[in-house]
Amino acid sequence: MFDYGLLNIGSIVLGLIALAIPTYCLINKKHENSIVLSSISYAACAISLCFQIFYNYNLVKRED
């Protein structure tokens, strides 16, 4: 059985990744891979939000 508590941990990790990548780009100020890094940041943010939606859906389904 899938442990839905892992969705919260995954959401936190992906949220931190989504915040760390733009911070790295601002500090480093190199614009070589900016499109790739911003795409990774957007994807991490989107997956993090999906994890939260799935977790909340699980709570609604269990009527918790």
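Tyr24 lies in helix α1 of a model that is predicted. Its relative accessibility is 48%, and Tyr24 therefore counts as partly exposed, since that class lies between the 20% limit for buried residues and the 50% limit for exposed ones. Tyr24 is also among the α1 residues that meet α2. Leu49 is 25 residues from Tyr24 along the chain, and the C-alpha atoms of the two are separated by 22 Å.

The helix that holds Tyr24 covers residues 5-28. At 1.5 Å a residue, the 24 residues of α1 should span 34 Å, and the end C-alpha atoms are 35 Å apart, which agrees with that expectation. The partner helix, α2, covers residues 34-61. Its 28 residues should span 40 Å on the 1.5 Å basis, and its end C-alpha atoms are 40 Å apart, so expectation and model agree here as well.

The arrangement of the two helices comes next. Two packed helices are described by the angle between their axes and the distance between the axes. For α1 and α2 the angle is about 160° and the axes are 8 Å apart. Because angles over 145 degrees count as roughly antiparallel, α1 is roughly antiparallel to α2. The crossing by which α1 passes α2 is left-handed.

Which residues in α1 and α2 meet? On the α1 side they are Leu7, Asn8, Gly10, Ser11, Leu14, Gly15, Ile17, Ala18, Ile21, Pro22, Tyr24 and Cys25. On the α2 side they are Leu37, Ile40, Ser41, Ala44, Cys45, Ile47, Ser48, Phe51, Gln52, Phe54 and Tyr55. Sorted by class, this contact has 16 nonpolar and seven polar residues, with no charged residues. An α-helix has 3.6 residues a turn, so residues three or four places apart point the same way.

Burial can be followed along each helix in turn. In α1, the buried residues are Leu7, Gly10, Ser11, Leu14, Ala18 and Ile21. Helix α2 is included in what covers these buried residues of α1. In α2, Ser41, Ala44, Ser48, Asn58 and Leu59 are buried, and the buried residues of this helix pack against α1.

Cys50, by contrast with that buried set, is a residue of α2 that counts as partly exposed because its relative accessibility is 36%. Cys50 and Asn8 are 42 residues apart along the chain, with their C-alpha atoms separated by 11 Å. Asn8 belongs to the α1 residues that meet α2.

Outside the helices, the backbone and its surroundings can be read at a few positions. Lys29 follows α1 and has a positive phi, near 60°. In the loop between α1 and α2 one finds Glu32, which is exposed because its relative accessible area is 66%. The C-alpha atoms of Glu32 and Ala20 are separated by 17 Å, the two residues being 12 apart along the chain.

Beyond the second helix, Glu63 is found in the segment after α2. The phi of Glu63 is positive, near 60°. Is Glu63 buried or exposed? At 74% relative accessibility, Glu63 counts as exposed. Glu63 and Gly10 are 53 residues apart in sequence, and the distance in space is 23 Å from C-alpha to C-alpha. Gly10 itself is one of the buried residues of α1.

Technical notes: Residues are numbered from 1 along each chain as its sequence is written. This is a predicted model: local features need pLDDT of at least 70, side-chain atom pairs count only at pLDDT 80 or more; totals for chains, interfaces and linings use all residues. Side-chain values use heavy atoms; hydrogens and water are left out. Axes are lines fitted to C-alpha atoms, for helices over the stretch in contact, and angles run from 0 to 180 degrees between N-to-C directions. Helices (H or I, at least four residues) and strands (E, at least two) are DSSP runs, numbered from the N terminus. Angles under 35 degrees count as roughly parallel, over 145 as roughly antiparallel, 65 to 115 as roughly perpendicular and the rest as oblique. A crossing is left-handed if the near helix is turned anticlockwise from the far one by less than a right angle, and right-handed if clockwise. Contact means heavy atoms within 4.5 Å. Ala, Val, Leu, Ile, Met, Phe, Trp, Tyr, Cys and Pro count as nonpolar, Asp, Glu, Lys and Arg as charged, and the others, Gly among them, as polar. The expected span of a helix is 1.5 Å times one less than its number of residues. Buried means under 20% relative accessible area, exposed over 50%, partly exposed in between (1.4 Å probe, protein chains only).
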